[in-house]
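Student: Could you walk me through reading a protein fold?
Tutor: Gladly; here is the one we will use.

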Amino acid sequence: MQVFETTIPCADSGQRQVILNSATFTDARGGVAGLVGIVIDITELKKSEKQIKKLNEDLFAHAAELAAANKELEAFSYSVSHDLRTPLTRIFSAGQALQEDYAPLLDENGKFFVHTITDACEQMEELIEALLALSQVTKAEIRREEVDLSRLALDITTELQLTAPGRQVVFNIAADVTACCDPELAHVVLENLLGNAWKYTGKRPDARIDFGAREDEGKKVYFIRDNGAGFDMKKAGNLFKPFQRLHSSSDFSGTGIGLATVERIIKHHGGRVWGEGEPEKGATFYFTFN
């Protein structure tokens, strides 16, 4: 039996790639009595193989470009953040010196300007820390294990309540909600989302924050819901962009990095995150871990 690959001409379709499988059979005296063969047309299969090879090559090239871009972004973020710190520290130190040593010489306007300088320096420091965290959040390899998200949520909400003991907030944390994910990164996700819910319900006397999960087409979807300030769905496209804030900083403080960090972590797990809301009627953020 012989098996080999070759190209044969066809009158109506040009060259075709085929596999020939042939064998001889003999008569009673051992002589060749005939030949039998099978021709398998593999032209389309070969085309598919070429396409798959080309796609793999393109994917590899794209992955290499993406890795290089991420490395450059991390280096840029690290360099900018650290280079910013030196002049920022000098400005903040000078402002503090004015406040502590020259306060009697300053009128109310002078004190206001010095306070503005030091306050802006503190805000810039927060932005630098957030920028560094954002650039590093998906650098480490994911360590998946079964994580008790309900316990994480309870720990985080307890910490939030300690920051403002006088606030009356009703927390509804569903029991036994688990996920197969990285425990440290899951903590960052819940910390940001629950922290946002806490912040944006700050002006509600009947503040309520819910955490739970539901089944959606066989996939577990987690959610954090609040009845706070909400947002206009027309602006939902900016939710996860760094430094894009949907509320004035005078109304709600923040760096504009939290949701961008959440999205990176969720995508790093192969999941997705999205938000739904309505002004003054609260917001719900959903996420999955693949």
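Tutor: Let's begin with burial: a residue is buried under 20% relative accessible area, exposed over 50%, and partly exposed in between, with a 1.4 Å probe and protein chains only. Here, 32% of the 290 residues in the protein chain are buried. This is a predicted model, where local features need pLDDT of at least 70 and side-chain atom pairs count only at pLDDT 80 or more, while totals for chains, interfaces and linings use all residues. Residues are numbered from 1 along each chain as its sequence is written, and side-chain values use heavy atoms, leaving out hydrogens and water.

Student: How many helices and strands does the protein chain have?
Tutor: Helices (H or I, at least four residues) and strands (E, at least two) are DSSP runs, numbered from the N terminus. The protein chain has five helices and ten strands.

Student: In what order do the strands of the open sheet come?
Tutor: Two strands pair if DSSP finds at least two bridges between them. Five strands, ordered β5-β7-β8-β10-β9, make an open sheet with mixed pairing. At its edges are β5 (170–173) and β9 (273–277), each pairing on one side only.

Student: How do β5 and β7 run?
Tutor: They run parallel, joined by four bridges, and asparagine 172 stands opposite aspartate 210 in β7.

Student: Which strands does helix α4 lie across?
Tutor: Axes are lines fitted to C-alpha atoms, for helices over the stretch in contact (heavy atoms within 4.5 Å), and angles run from 0 to 180 degrees between N-to-C directions. Helix α4 (residues 183–200) lies across β5, β7, β8 and β10 (283–287), at about 30 degrees to β8. Helix α3 (residues 149–163) lies across β5, β7 and β8 (219–226), at about 165 degrees to β5.
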